[in-house]
Amino acid sequence: MRVLVAAGAMAGFDAWRAGARVGRAWRTVGADVALVPLAEMGPGWQQAKENLAGPDNTLFIPLDGRDHDSGPMLLSFLSGGGPSTLVDAVGTGRAASGVDLLDIDRVRDHLAERPLIGLCRSGEQDTVLAGAQGLAGRRVDLPLRERLALDRMLRAWADLLAASSSDPSGPADGATLAATPGSGAGGGAGAVVQALGGRVLTGPQALGEIADLDRTIAAADLVVTCCEDFDVDAWGGPVVEYVVQRAAAAGRPVVVITATNHVNLTGQRRNGVEAVHAIGTGDITDACLTFAQSWFW
């Protein structure tokens, strides 16, 4: 039997160490086990990446800015200038922001043709820059007049970004860029990454690509993932959600190892999970052994 442990952090262990302890239970009962650590962006993500592949040529940039000024901040940073008055100018929506003075192609040259990935938080990968569902449209704290003015500024900024880039993999025009899923990630930083010909991915998605997760899932008989808590608020969190999505696409069953479980069998099945095993505060491997025996064939 082939088991894939696509693990998140759990019980005080990072994804790699937690997954290794879970996988040891299935190895004990005789399974062939592969391990892929997964994490949201942050220190845990960097550790998981190093466990998977070490350094490579791809440039990963966290898109963790707030509001609509992080896009210009990222662009200014990549240009070598660091945060500047440009950030404040675009942030306040003044017409003479100076964004048109930035040379996207010069930034592209600065990257030396390295593949570029913007890492966003799970849930932001489909957000757009402008429009009814864009950054301004979702600002319920602003009156309508200010939301419309902010949306016009963001559309104009997208036009300038698109017009400044000759990268064939970049957006065709500003309207396309502003409506591209991920362009609103990180408060608009995703639009800069896309204007540079890069892509916007969540932390689990990026690690999944590095590990060729879909191929590994297709070769597995069972997929095991793990998380700190499994409840009706988060259903295990972004890592579990991503693993369930990819396993469902391949028609593979998923079981979850967690510290605590507050969901009944109906809720588990409704969310694509065959079974959830709560280990409490005990040793992960020991607590999984009986469960592994029941999920071994």
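Me: Buried means under 20% relative accessible area, exposed means over 50%, and partly exposed covers what lies in between. Why is Arg246 called partly exposed, then?

Reply: This is a predicted model, so the value is computed from predicted coordinates. Arg246 has a relative accessible area of 24%. That falls between the 20% and 50% limits, so partly exposed is the right label.

Me: Arg246 has a salt bridge with Asp214; what makes that pair count as one?

Reply: The cut-off is 4 Å between a side-chain nitrogen of Lys or Arg and a carboxyl oxygen of Asp or Glu. For Arg246 and Asp214 the N to O distance is 3.0 Å, so the pair passes. Arg246 sits in helix α11 and Asp214 in helix α10 (residues 213-219), so the bridge ties together parts that are 32 residues apart in sequence. Asp214 is partly exposed too, at 37%.

Me: What about Asp212: how do you know that it bridges to Arg215?

Reply: By the distance again: the closest N and O atoms of Asp212 and Arg215 are 2.9 Å apart, and the limit is 4 Å. With a relative accessible area of 37%, Asp212 is partly exposed. Arg215 comes out at 56%, over the 50% line, so Arg215 is called exposed.

Me: Where does Asp212 lie, and what is its phi?

Reply: Asp212 lies in the loop between α9 and α10. Its phi is near 55°, a positive value in a residue other than glycine. Trp235 can be described in a similar way: its phi is near 50°, again positive in a residue other than glycine. Trp235 belongs to the loop between β6 (222-230) and α11.

Me: What makes Trp235 partly exposed?

Reply: Its relative accessibility is 24%. Buried would need a value under 20%, and exposed a value over 50%, so Trp235 ends up in between.

Me: Back to the bridges: what makes Arg155 and Asp151 a salt bridge, and how far apart are they along the helix?

Reply: Their closest N and O atoms are 2.7 Å apart, against a limit of 4 Å. Both belong to helix α6 (residues 144-163), where they are four residues apart, which means about one helical turn between them. Arg155 is partly exposed at 38%, whereas Asp151 has 11% and so counts as buried. In the whole structure, a search finds eight salt bridges.

Me: Now the helices. Why are α9 and α11 called oblique?

Reply: The axes of α9 (residues 203-211) and α11 (residues 238-250) cross at roughly 50° and come within 9 Å. Roughly parallel needs an angle under 35 degrees, and roughly perpendicular starts at 65. The angle of α9 and α11 fits neither, so they are oblique to each other. The crossing is right-handed. Pro204, Gln205 and Gly208 of α9 make the contact with Pro238, Val239 and Tyr242 of α11.

Me: What classes do the residues of that α9 and α11 contact fall into?

Reply: Four are nonpolar, two are polar and none is charged. Gly counts among the polar ones and Pro among the nonpolar ones.

Me: How do you know that α1 and α13 are oblique?

Reply: The axes of helix α1 (residues 15-28) and helix α13 (residues 284-294) cross at roughly 40° and come within 8 Å. Since roughly parallel stops short of 35 degrees and roughly perpendicular begins at 65, this pair is oblique. α1 passes α13 in a right-handed crossing. From α1, residues including Ala18, Val22 and Trp26 take part, and they meet residues of α13 including Ile284, Cys288 and Phe291. That contact holds nine nonpolar, two polar and two charged residues.

Me: What makes His277 buried?

Reply: His277 has a relative accessible area of 18%, and buried means under 20%, so the label follows. His277 is in strand β8 (residues 275-278). Apart from neighbours within four places in sequence, its contacts are Val256, Ile257, Thr258, Ala287, Cys288 and Phe291.

Me: And how much of the whole protein is buried, and how many helices and strands are there?

Reply: Buried residues are 49% of the 297. The protein has 13 helices and eight strands.

Definitions and conventions. Residues numbered from 1 in each chain as written. Predicted model: local features only at pLDDT ≥ 70, side-chain atom pairs only at ≥ 80, totals over all residues. Heavy atoms only, no water. Axes fitted to C-alpha atoms, helices over the stretch in contact; angles between N-to-C directions. Helix = DSSP H or I, 4+ residues; strand = E, 2+ residues; numbered from the N terminus. Parallel < 35°, antiparallel > 145°, perpendicular 65-115°, else oblique. Left-handed = near helix turned anticlockwise from the far one by under 90°. Contact = heavy atoms within 4.5 Å. Buried < 20%, exposed > 50% of the residue type's maximum accessible area, 1.4 Å probe, protein only.
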